[in-house]
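Here are a few exercises on sheets and helix packing, each with a worked solution. Have your viewer open and try each task before reading on.

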Amino acid sequence: MAPSPQDPAAAAPRRKVSRHRGEGQWAAGHHTPLNGNEQFKKDDDGLNVRTRIETIYSKRGFDSIDPNDLRGRMRWWGLYTQRKPGIDGGKTAVLEPEELDDKYFMLRVRIDGGRLTTAQLRVIGEISQEFARGTADITDRQNIQLHWIRIEDVPEIWRRLEDVGLSTTEACGDTPRVILGSPVAGIAEDEIIDGTPAIEEIQRRVIGNKAFSNLPRKFKSAISGSPLLDVAHEINDIALVGVEHPEHGPGFDLWVGGGLSTNPKIGVRLGAWVPLDEVADVHEGVISIFRDYGYRRLRNRARLKFLVADWGPEKFRQVLEDEYLGRKLLDGPAPEQPVERWRDHVGVHRQRDGRFYVGFAPRVGRVDGASLAKIAAVAEEHGSGRVRTTTEQKMIVLDVEGDQVDSLVAGLEALDLRVSPSPFRRGTMACTGIEFCKLAIVETKARGSALIDELERRLPEFDEPITINLNGCPNACARIQVADIGLKGQLVVDEDGNQVEGYQVHLGGALGLEAGFGRKVRGLKVTSKELPDYVERVLRRFAAERADGERFAVWAARASEEALS
């Protein structure tokens, strides 16, 4: 019998039934690749590309490289194609990948914990000069990046790096990236706990292990026992920071789910205290959750921060304990608010053994191969065999005797490496930018360096801590959302109606226990030409209006839009 007109079955239109594919979570049984990236990872593990690089591509040249290797798996060994020169930012999102690709590579050397010997630093400098046209950038993840690398030279570069204990393994790709660590681990007088043994154990277990070489997206880790909270723990997928448990002594507080880019999130505390000898277990558990439960369907939702946001800290901790650790974690305290405003270790500081470490500031992380070799030589001349990179694009020389400090400082300053830099030299960071990056829209490194010079000239008396971060695109490699003044590169219209390079302005972001993303003033964009005038204007207003001891981020949160424009 046909349904009557009053029957809901007759009134409702027939809906098309489709099979729900989920979010591509392996733990839910969704193993069928749902996008091209997941497909090429399933077809062949990214770690396997090394053999093809060594036996085929380095011998036959760039044009022999399979596209899925070129723009995919080669990242598993720290290799990205760099941007072809002469392509303006307006074409970044328009051209096909093969039109943007140059026949040269960026090569990222991973430096876990920022730890380098002077011998290792010298080798990186020599590689830079011989194979990378002298280029070298210190990143805000403690790595060193080289440019202009030819595929023909990669096997020899690997050989030289590995001869001194360095690697490019999983420096890029959907992998466990470099493990950030306090650059003064094991030597700082105020250190709560040294996380170095945990970093070394994680490296042994995870890096190059095919059990963790196919993650939904990149996985960023940070471990520090410094009370300065010096590894940007708030914006990593997993972070462990030093705390003193009232009953069990020094250990680590566990954070998960931080990250920036176009959907930034501050990591959340799980409320768990982790002793040093369990850190590697917990790290393995968290990265396994990401591998198994991470969202693989859409790459813009594949970072761990989206899973943590959906689950919440209580469920995440429960799954970690019940399914991966097989035991409960102890509850523990949160870290205390850092006393120091700067977290970069720049300057001269006493070590726990009575010697000194000396931190210095290159310009926006840009050095060169010759300078790296000279830094190694200056450090060795003053009794040091160890240097460190920081998460603020700075470097540190360790183990300097007291009577050698002044001479070392003079040697560094002669290389334009400031031990007592202005707030602008100290606080300005920049990503790679349009010079080499295929995602970038605007220039960053040279513009950041020029901005430092202008601000030092215009505001010589300004002495407040200030962070100014320049990024060439929305992806936030230079952490624009957590800077006092964050500058996101984009094309803007100038007063004559021309489309020119410029920046969207973010103000009042911060890291620390009061971490936050600040604010954007509606419509506030500046051209690159206007940038020095704008920053000067805002800093003068801050100096005039701030309350006693008030930080820029606090002032920016309460200031009028007129004051910030």
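Contact here means heavy atoms within 4.5 Å. With that cut-off, helix 13 (residues 405-413) lies across strand 12, strand 13 (356-360) and strand 16. Its direction is at about 15 degrees to strand 13.

**Exercise 1. Decide how far to trust the coordinates.**
Find the average pLDDT of the chain and the share of residues that score at least 70.

*Solution.* Start from the fact that this is a predicted model. The average pLDDT of the chain is 94, and 96% of the residues score at least 70. Next, look at residues 1-20, where the pLDDT is below 50. Beyond near neighbours in sequence, this stretch has two contacts in the model. Where pLDDT is low, the predicted coordinates should not be read in detail.

**Exercise 2. Work out the sheet that carries helix 13.**
In what order do the five strands of this open sheet run, and which strands stand at the edges?

*Solution.* Step one: the order is 3-15-16-13-12, with antiparallel pairing. Step two: strand 3 (115-117) and strand 12 (347-350) each have a single partner strand, so they are the edges, and one side of each lacks a neighbour in the sheet. Step three: on average, neighbouring strands are turned by 25 degrees against each other, direction ignored. Step four: zoom in on strand 3 and strand 15 (residues 386-389), which are antiparallel and joined by three bridges. There, Leu116 has Val387 as its bridge partner in strand 15. Finally, add helix 6 (residues 118-131), which lies across strand 3, strand 15 and strand 16 (395-400). Helix 6 runs at about 85 degrees to strand 3.

**Exercise 3. Repeat the analysis for another open sheet.**
Trace the sheet with the order 1-2-5-4-14 and find its edges.

*Solution.* This sheet has five strands, and its pairing is antiparallel. Strand 1 (79-83) and strand 14 (366-368) have a single partner strand each, so each of these edges has one side without a neighbour in the sheet. From one strand to the next, the twist averages 35 degrees. Inside the sheet, two bridges pair strand 4 (residues 135-138) with strand 5 (residues 144-149) in the antiparallel sense. Ile138 stands opposite Ile144 of strand 5. Helix 6 packs on this sheet, touching strand 2 (101-109), strand 4, strand 5 and strand 14. The direction of helix 6 makes about 20 degrees with that of strand 5.

**Exercise 4. Classify two helix pairs.**
Are helix 6 and helix 12 roughly parallel or roughly antiparallel? Then classify helix 8 against helix 9.

*Solution.* For helix 6 and helix 12 (residues 369-381), the axes come within 7 Å and cross at roughly 160 degrees. Angles over 145 count as roughly antiparallel, and therefore this pair is roughly antiparallel. The crossing is left-handed. Residues in the contact include Leu121, Ile124 and Gly125 of helix 6 and Leu372, Ala373 and Ala376 of helix 12. By class, the contact has ten nonpolar, five polar and two charged residues.

Now take helix 8 (residues 196-206) and helix 9 (residues 279-293), whose axes come within 9 Å and cross at roughly 45 degrees. That angle makes helix 8 oblique to helix 9. Helix 8 passes helix 9 in a right-handed crossing. Among the contact residues are Glu201, Ile202 and Arg205 of helix 8 and His283, Glu284 and Ile287 of helix 9. Sorted by class, this contact holds six nonpolar, one polar and four charged residues.

Terms used
Residues are numbered from 1 along each chain as its sequence is written. This is a predicted model: local features need pLDDT of at least 70, side-chain atom pairs count only at pLDDT 80 or more; totals for chains, interfaces and linings use all residues. Side-chain values use heavy atoms; hydrogens and water are left out. Two strands pair if DSSP finds at least two bridges between them. Helices (H or I, at least four residues) and strands (E, at least two) are DSSP runs, numbered from the N terminus. Axes are lines fitted to C-alpha atoms, for helices over the stretch in contact, and angles run from 0 to 180 degrees between N-to-C directions. pLDDT is the predictor's confidence in each residue, from 0 to 100. Angles under 35 degrees count as roughly parallel, over 145 as roughly antiparallel, 65 to 115 as roughly perpendicular and the rest as oblique. A crossing is left-handed if the near helix is turned anticlockwise from the far one by less than a right angle, and right-handed if clockwise. Ala, Val, Leu, Ile, Met, Phe, Trp, Tyr, Cys and Pro count as nonpolar, Asp, Glu, Lys and Arg as charged, and the others, Gly among them, as polar.
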